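Work through these exercises with the structure open beside you. Try each task before you read its solution.

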Amino acid sequence: GGLGELRSVLMIIMCGPGEPSAEAVQEAVAVSLSIIARYAVRLGCPREELHELLMYLRSLYPCGARAAGDVECFDRSRREVVCGQMRLAHAGIHRSNILVRTVDADWLQGIGEWLRGGVTHAWSGEFVCHPDFQEFDDQRRLERDLDEQIEAYKLQKCLEGLAEEVGSPWVVKAHSSLRGHASKVQRDPSRLCVICMEKGASPGFFTRMWLPPEGTHLPVCGHCHGILEKLGMCRPESAGEEMVPDQFCEVCVSRDSWAGIRRFKASRVADHQLLPCHCSVCSTCAEGTIGRSHLAVCPQCSQPVRWMVDERALVATSWPAAARRKKRRPRASCAIGEGMVGGVGT
């Protein structure tokens, strides 16, 4: 079910490649809490289940107990031999996270360890949380941080209205919380979407062959991936950007005749939002939609348009939604609350 897929995603995030560091641990915990918060808001998770999810998150922390001086790293490096087992799998016995060799071994034991390329050292002891994870090994602190993110996503859900699918603001907010993780966001409809929490569908035989390997990415559904693609956030050069680029109009978008990809330099910025379908178009397409007839229809989804929002008016404000955009026009063409034009409110 969805809870099992969520736990699988949390394990992928917390058991990332490389040695743990304070910065990497902080980013992994923040990403995990943001995913749990979206799961709670979108699926209505009860308080008891959230408590269990946080307990499961803490059970993924590694042990940091150090081994005695009778063993060393097999490659004779200066790395410390510590236990790397998760609290979930720890059962009173420490096991080294790297291959080791015995320091004062006899010739027969030394040859055996050399032929095997090192051994895993085990010693008795209880779980000791890794020093880099001790700061976040506090249930009350995790609950406070999670509550803050849940309240933020509840507000975002209220702004989304009664739409079943999430809109661009939700996707942008969720993508910004995932940016700090090493794994890239990739389309994978067979698994739980880490943005809108849509459950994955069982893929067919041929579809499964083209899916990326499990554990190498953060899966998103086709809807969320389409919004990220429209925003230009799937391009490699946008991975390190702190600002969210503008969304381009999909109605009059210019595409390369051979490759079929968008020409972002020749595309118009989508600065008008049509409601209640929440499609974004440029000012030229918005004027064409209004001028057709009194029954305006969205040029993207062909749904009736009840009213329209000109987002260029947000430039004069200090709202974060307007500050994230780039290359906005400095003046607004209309003000909020003006009359009806061709049956559509502007």
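**Exercise 1.** Which residues of α1 are buried, and what do they pack against?

*Solution.* Keep in mind that this is a predicted model. Step one: go through the helix and pick out residues under 20% relative accessible area. In α1, these buried residues are Gly2, Leu6, Val9, Leu10, Ile12, Ile13 and Met14. Step two: look for their partners. The buried residues of α1 pack against α2, α3 and β6.

**Exercise 2.** Check the span of helix α1 (residues 2-14) against the expected value.

*Solution.* Step one: take the 13 residues of α1 at 1.5 Å a residue. The expected span is 1.5 Å times one less than the number of residues, so α1 should span 18 Å. Step two: compare with the model. The end C-alpha atoms of α1 are 18 Å apart, which agrees.

**Exercise 3.** Describe how α2 packs on α5.

*Solution.* Step one: find the angle and the distance. The angle is about 50°, and the axes are 8 Å apart. Step two: classify the angle. It falls outside the ranges under 35, over 145 and 65 to 115 degrees, so α2 is oblique to α5. Step three: give the handedness. α2 passes α5 in a right-handed crossing. Step four: list contacts. Residues of α2 including Val29, Leu33, Ile36 and Arg38 meet residues of α5, among them Leu142, Leu146, Tyr153 and Lys157. Step five: sort the contact residues. They divide into eleven nonpolar, two polar and five charged.

**Exercise 4.** Do the same for α3 (residues 47-59) and α5 (residues 139-160).

*Solution.* Step one: the angle is about 125°, with the axes 11 Å apart. Step two: that makes α3 oblique to α5. Step three: α3 passes α5 in a right-handed crossing. Step four: α3 contributes Arg47, Leu50, His51, Leu54, Met55 and Arg58. From α5 come Gln139, Leu142, Glu143, Leu146, Asp147 and Ile150. Step five: this contact has six nonpolar, two polar and four charged residues.

**Exercise 5.** What covers the buried residues of α6?

*Solution.* Step one: name them. Trp170, Val171, Val172, Ala174, His175 and Leu178 are buried in α6 (residues 168-178). Step two: find the cover. It includes α2, α5, β5, β6 and α8.

**Exercise 6.** Is Met197 buried or exposed?

*Solution.* Step one: locate Met197, in the loop between β5 and α7. Step two: apply the cut-off. Its relative accessibility is 2%, so Met197 counts as buried. Step three: check the backbone. Phi of Met197 is near 65°, a positive value in a residue other than glycine.

How values were computed. Residues are numbered from 1 along each chain as its sequence is written. This is a predicted model: local features need pLDDT of at least 70, side-chain atom pairs count only at pLDDT 80 or more; totals for chains, interfaces and linings use all residues. Side-chain values use heavy atoms; hydrogens and water are left out. Axes are lines fitted to C-alpha atoms, for helices over the stretch in contact, and angles run from 0 to 180 degrees between N-to-C directions. Helices (H or I, at least four residues) and strands (E, at least two) are DSSP runs, numbered from the N terminus. A crossing is left-handed if the near helix is turned anticlockwise from the far one by less than a right angle, and right-handed if clockwise. Contact means heavy atoms within 4.5 Å. Ala, Val, Leu, Ile, Met, Phe, Trp, Tyr, Cys and Pro count as nonpolar, Asp, Glu, Lys and Arg as charged, and the others, Gly among them, as polar. Buried means under 20% relative accessible area, exposed over 50%, partly exposed in between (1.4 Å probe, protein chains only).
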